[in-house]
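Let's take a walk through a protein together, going from the ligand outwards. Have the picture open while you read.

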Amino acid sequence: MTSTLIIGATGLLGSEMAKASARNGDNLHVLVRPATSSNEERMRPLKDLGAAVHVGDLDDYDSLVRAVGKVDRVISSVHVGSASEMTLVRAVRDAGVSRYVPSAGFGLDFAAAAPGTIQPLDIKRAVFDAVRQADLPYTVIYTNGFFSTWVATLGDLTRFGSSPLPPDEVTLYGAGNVPATFVSEKDIAAVTMRALEDPNAVRSEIRIAQNKITQSAMIELWRRVSGRSPHVKQMSAEELETMIAAAPGLGLLRAFWIRGETALETATPEAGALYPELKFESIESAFVAMAGAV
Ligand SMILES: NC(=O)c1ccc[n+]([C@@H]2O[C@H](COP(=O)([O-])OP(=O)(O)OC[C@H]3O[C@@H](n4cnc5c(N)ncnc54)[C@H](OP(=O)(O)O)[C@@H]3O)[C@@H](O)[C@H]2O)c1
């Protein structure tokens, strides 16, 4: 039986990865930080999946080598801090695995996104360079926008975390007519599991570019599905630049809604074309579920 280690399995994406891996029949391993490992409520879903638990930390090389040494493949689903993920790259190189899915990929396709404009993406790019230099058997999955981060906020990243449901007030960036692409966390996990079974996906990048829609059309779709009428404020590209200067992480709003970088066609193979048997959840069906919860 193939064994898979997930680092970040208590998180938003990692918890879907853990469920998908268990469904896949993998021997599931997780690495969790000491404080998390003693939190019964946070650990229960992983215990219910029958996961073997390794206590460690992304910053603790020895704990990583011990856990990585027990598995065939590793999925990292943490927020990338450069030093931390570089430690994992070293551990994967030293312990040796048949496949490594670094968290560096869970965002924009590097071939589409302009370097030097979004700090977290530049960190991910540096990690990916280290993965390639170490000649690891990687598969990088570019996801573009997650449903929970972008669809549930009607494309207004500044609203993330305020509610799991679309907001009653939303900012429309630029003219609202630039397309972007989105995918549910469950579908990201399904693509990852499929790619892990694909020998051609070793040392390769895969891009998920599904559910292409403009911000105006997404807000209109939510209105139609929910019968609600969020108040829409408009922000010009110039005003957005002022906001980004004060909060650089918001450069993602520029990438999505001004430059359209998540909807650009690149040479990176697209998951739906590579694996036509996979069916992706639509934004409309996600909105129907959210409207039922309002
Ligand atoms: N494209 C998009 O729209 C989008 C949206 C969201 C996220 N992402 C990307 O998806 C990936 C996962 O993000 P997420 O939102 O799922 O993350 P998250 O919910 O914040 O979860 C992070 C996970 O990493 C664990 N973790 C944090 N620091 C750690 C450390 N030092 N050692 C070991 N484990 C550690 C956390 O464990 P604890 O339980 O101990 O805290 C948690 O399980 C990231 O690469 C992120 O950039 C992309």
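A residue counts as near a molecule if its C-beta atom, placed from the backbone, lies within 6 Å of it. With that in hand, look at the ligand: 27 residues surround it, and the closest are Gly 8, Gly 11, Leu 12, Leu 13 and Leu 58. The elements that each give two or more residues to this shell are α1 (12–23), β7 (145–146) and α7 (147–151). Of these, α1 gives the most, with three residues. Those labels follow DSSP runs, numbered from the N terminus: helices are H or I runs of at least four residues, and strands are E runs of at least two.

What sort of residues make up the shell around the ligand? They split into 11 nonpolar, 13 polar and three charged. Here Ala, Val, Leu, Ile, Met, Phe, Trp, Tyr, Cys and Pro count as nonpolar, Asp, Glu, Lys and Arg as charged, and the others, Gly among them, as polar.

Before we go on, a word on what you're looking at. This is a predicted model, in which local features need pLDDT of at least 70 and side-chain atom pairs count only at pLDDT 80 or more, while totals for chains, interfaces and linings use all residues. Residues are numbered from 1 along each chain as its sequence is written.

**The two domains**

The domain assignment gives domain 1 (3–144 + 184–207) and domain 2 (146–181 + 211–264 + 278–293); such bounds come from an automatic or database assignment. Their C-alpha centres lie 27 Å apart. The contact takes 17 residues from domain 1 and 18 residues from domain 2. On the domain 1 side, α6 (119–133) and α8 (185–196) are the elements that give two or more residues, and α8 has the largest share, six residues. That side divides into eight nonpolar, five polar and four charged residues.

So where does the ligand sit relative to the domains? Both domain 1 and domain 2 give residues to the shell around the ligand, so the ligand lies between them.

**The protein as a whole**

Now zoom out. The secondary structure comes to 13 helices and 13 strands. The radius of gyration is 19 Å, close to the 19 Å that the globule rule gives for 294 residues, so the protein is as compact as a globular protein of that length. (The radius is taken over C-alpha atoms, and the rule is 2.2 Å times the number of residues to the power 0.38.) Along its principal axes, the C-alpha trace spans about 50 × 40 × 40 Å.

Two residues are in contact if their C-beta atoms, placed from the backbone, lie within 7 Å. Among contacts between residues at least 6 apart in sequence, 76% join residues at least 24 apart.

**Inside the core**

Of the 294 residues, 42% count as buried. Buried means that 20 or more other C-beta atoms lie within 10 Å of a residue's own; 12 or fewer makes it exposed, and anything in between partly exposed, with C-beta atoms placed from the backbone. A nonpolar core is a set of buried Ala, Val, Leu, Ile, Met, Phe, Trp, Tyr and Cys residues joined through C-beta atoms within 7 Å.

The largest such core has 79 residues, of which Val 30, Val 68 and Ile 141 touch the most other members. Helix α8 turns up again, giving this core its largest share, six residues. Both domains give residues to the core, so it lies between them. Leaving aside neighbours within four places in sequence, Val 68 is in contact with Leu 5, Val 74, Ala 91, Val 92, Ala 95 and Val 97.

**Four residues to find**

Try spotting these in the picture.

| Residue | Place | C-beta atoms within 10 Å |
|---|---|---|
| Val 89 | helix α5 (82–95) | 23, buried |
| Leu 154 | loop between α7 and β8 (169–173) | 22, buried |
| Asn 211 | loop between β11 (204–207) and β12 (213–214) | 24, buried |
| Ala 111 | loop between β5 (99–101) and α6 | 14, partly exposed |

Val 89 and Phe 128 are 39 residues apart in sequence, and their C-alpha atoms are 9.3 Å apart in space. By contrast, Ala 111 and Lys 47 are 64 residues apart along the chain, with 39 Å between their C-alpha atoms. Not counting residues up to four places away in sequence, Ala 111 touches Thr 266, Ala 267 and Thr 268.

What about the backbone angles? Most residues other than glycine have a negative phi. Leu 154, though not a glycine, has a positive phi of about 55°, and Asn 211, not a glycine either, has a positive phi of about 50°.
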